[in-house]
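Me: Take a close look at one part of this model for me, the interface. I'd like the residue-level picture, with the cut-offs spelled out.

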Amino acid sequence: MTYFVIFLGVCFMLGVLAVASNPSPYYGVVGLVVASVMGCGWLVSLGVSFVSLALFLVYLGGMLVVFVYSVSLAADPYPEAWGDWRVVGYGLGFILVVFVGAVLGGFVDFWKAGVVTVDGGGVSFVRLDFSGVAVFYSWGVGLFLVAGWGLLLVLFVVLELVRGLSRGAIRAV
Amino acid sequence: MSPLHFSFYSAFTFSGLGLAFHRTHLISALLCLESMMLSMFIPLSIWPVENQTPSFTLVPILMLAFSACEAGTGLAMLVASARTHGSDHLHNLNLLQC
């Protein structure tokens, strides 16, 4: 089980590497999907399944769907593939920078292999993440209202950015 | 550093480097921003598990809400640049070039 969780962590890293060194945004989106699936699996292995499901719904089901059709708007009709030498060079360069920096900085110590988890709170058998997110609606209601207001505001921000016409620097034509 | 901590630390660094070395498309830079948000969400979710403080679980949810706002704004700028310049190639964004 430990090795399975480490495998999830390694695949998470490889997915993000695929996003960073993508030959074309289509492959970047695939890397992001793989990374978020591995990250969600890792969170489930720790016991916090609620935030993992929230990540799946909001991130994959909401944000990535919007990203995918924006990629279809904006990307090339004839994309490069993974075998291009520049893409391989970018990927190897990123790996080299991160691993050499980690080894030199003394960050790497592969003896310890896991994190502890918790599934209850003393005598009450409430799940950690359910009770934690419930705080968002009781004591953290101010933050909840701020986040809702921010999300509403972003709708108008997007409207103004896209409309433009002759106002604003982005739509200067 | 345990290998799991190292994996999301290096995931954040990879996506930060990918954002710095963005190449042709604006949307590649936006995807790297999204992967930075993802690689910050995962450790923020692990923090309440490791330190056994359940009330911290609201921080990754809040971060997800604001990351959705940021993704929407970035995509709106992508659409605006695609409407103005015809594509989202970064060498078209040269209004400040002398």
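**The interface of chain A and chain B**

Reply: Across the interface of chain A and chain B, the rule finds zero salt bridges (a salt bridge being a side-chain nitrogen of Lys or Arg within 4 Å of a carboxyl oxygen of Asp or Glu). Before going on, the bookkeeping: this is a predicted model, where local features need pLDDT of at least 70, side-chain atom pairs count only at pLDDT 80 or more, and totals for chains, interfaces and linings use all residues. Residues are numbered from 1 along each chain as its sequence is written, chains are lettered from A and ligands numbered from 1 in the order in which they are written, and side-chain values use heavy atoms, with hydrogens and water left out.

So what is there instead? Chain A puts 78 residues into the contact and chain B puts in 63, contact meaning heavy atoms within 4.5 Å. The two chains bury about 6300 Å² between them, with 82% of it on carbon and sulfur atoms; buried area here is the accessible area (1.4 Å probe) that two parts lose on being put together, summed over both.

The nonpolar side of the story runs through both chains. The largest nonpolar core has 61 residues, a core being a set of buried Ala, Val, Leu, Ile, Met, Phe, Trp, Tyr and Cys residues joined through side-chain atoms within 4.5 Å. Buried means under 20% relative accessible area, exposed over 50%, and partly exposed in between (1.4 Å probe, protein chains only). The residues with the most contacts inside this core are F12(A), W42(A), L55(A), Y59(A) and F67(A), together with F41(B) and I42(B). Two or more residues each come from α1 (2–20), α2 (25–46), α3 (49–74), α4 (85–104) and α5 (128–138) of chain A, and from α1 (3–20), α2 (26–51) and α3 (58–85) of chain B. Helices are DSSP runs (H or I, at least four residues), as strands are (E, at least two), numbered from the N terminus. The largest share, eleven residues, comes from α2(B). The core also draws at least three residues from each of domain 1 (1–118) and domain 2 (126–172) of chain A, with domain bounds from an automatic or database domain assignment.

Now zoom in on F67(A). Leaving out residues up to four places away in sequence, F67(A) touches I27(B), L30(B), L31(B), E34(B), A71(B) and L75(B). One of those partners deserves its own stop: E34(B) is in helix α2 of chain B and counts as buried, because its relative accessibility is 1%. Beyond its neighbours within four places in sequence, E34(B) is in contact with L32(A), Y59(A), M63(A) and F67(A) of chain A, and with S67(B), E70(B) and A71(B) of its own chain.

S10(B) is another polar residue to check. S10(B) sits in helix α1 of chain B and counts as buried because its relative accessibility is 0%. Apart from neighbours within four places in sequence, the contacts of S10(B) are M13(A) and V98(A).

Coming from the chain A side, try V51(A), in helix α3 of chain A. V51(A) is at 1% relative accessibility, so it counts as buried. With neighbours within four places set aside, V51(A) is in contact with L43(A), D129(A) and V133(A), and across in chain B with F41(B), S45(B), T57(B) and I61(B). V51(A) and A74(A) are 23 residues apart in sequence and 31 Å apart in space, C-alpha to C-alpha.

How does the contact between the domains of chain A look? Six residues of domain 1 of chain A are in contact with five of domain 2 of chain A. The buried area there is about 510 Å², 70% of it from carbon and sulfur atoms, and the salt-bridge count is zero.

Finally, the record. UniProt lists "transmembrane region" (unreviewed entry) at residues 42–75, 87–108 and 136–162 of chain A, and at 6–22, 29–49 and 61–80 of chain B; positions are in the numbering used here, feature names are shortened, and annotations may be inferred rather than shown by experiment. In the model, residues 42–75 of chain A are 91% helix and 0% strand, with end C-alpha atoms 31 Å apart. Residues 29–49 of chain B are 100% helix and 0% strand, and their end C-alpha atoms are 31 Å apart.
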